[in-house]
Amino acid sequence: MIVKKLHESGIRAEHAYAAAFVSIGLSVISWAASLQVERKGEERADRWGIFVGEWAPTFFGLGLALSTYE
């Protein structure tokens, strides 16, 4: 049902795959920025990187579901 709604709204598998790769890049950027700017230690920077890094598998899964639906 969710995949059908996404497809009807114009989102295609390529969009989800692109979002997954962008989130991987954002994970590295957020880790580096947190490490440099916050000065709260490497543990906090690691948490930011992991938090954003968790988005990639979700987008890859949506891309797979959309490609199957298409």
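In the predicted model, phenylalanine 21 is exposed, with a relative accessible area of 56%. This value lies above the 50% limit over which a residue is called exposed. Phenylalanine 60 is partly exposed, at a relative accessibility of 29%.

The structure contains 3 aromatic pairs. One of them is formed by phenylalanine 21 and phenylalanine 60, whose ring centres are 5.3 Å apart and whose planes stand at 90°. The arrangement is therefore edge-to-face, since the angle between the planes is over 60 degrees. This pair connects distant parts of the chain: phenylalanine 21 belongs to helix 2 (residues 13-38) and phenylalanine 60 to helix 4 (residues 55-69), with the two positions 39 residues apart in sequence numbering. A second edge-to-face pair is made by phenylalanine 51 and tryptophan 55, with 5.7 Å from centre to centre and 75° between the planes. Both of its members are partly exposed: the relative accessibility is 48% for phenylalanine 51 and 36% for tryptophan 55. Ring pairs also join Tyr17, Phe21 and Phe60 into a cluster.

Serine 23 is likewise located in helix 2. With a relative accessible area of 2%, serine 23 is buried, the cut-off for this class being under 20%. A polar atom of the serine 23 side chain lies 2.8 Å from the backbone oxygen of alanine 20. When neighbours within four places in sequence are set aside, the residues in contact with serine 23 are Val52, Trp55, Ala56 and Phe59. Tryptophan 55, named among these contacts, is also the partner of phenylalanine 51 in the edge-to-face pair described above.

The geometry of helix 4 was examined next. Helix 4 has 15 residues, and at 1.5 Å a residue it should span 21 Å. The expected span is 1.5 Å times one less than the number of residues. The C-alpha atoms at the ends of helix 4 are 21 Å apart, so the model agrees with the expected value.

Burial along helix 4 differs between its sides. Ala56, Gly63 and Leu66 are buried. These three residues cover an arc of only 90° around the axis, and therefore lie on the same side of helix 4. Pro57, Leu64 and Thr68 are exposed and are found on the other side of the helix. Ala56, one of the buried residues of helix 4, is also among the contacts of serine 23.

Definitions and conventions
Residues numbered from 1 in each chain as written. Predicted model: local features only at pLDDT ≥ 70, side-chain atom pairs only at ≥ 80, totals over all residues. Heavy atoms only, no water. Phe/Tyr/Trp six-rings, centres within 6.5 Å; stacked < 30°, edge-to-face > 60°. Helix = DSSP H or I, 4+ residues; strand = E, 2+ residues; numbered from the N terminus. Buried < 20%, exposed > 50% of the residue type's maximum accessible area, 1.4 Å probe, protein only. Polar contact = N/O pair within 3.5 Å; in protein donor to acceptor, adjacent residues only side chain to side chain. Contact = heavy atoms within 4.5 Å. Arc of directions from axis to C-beta.
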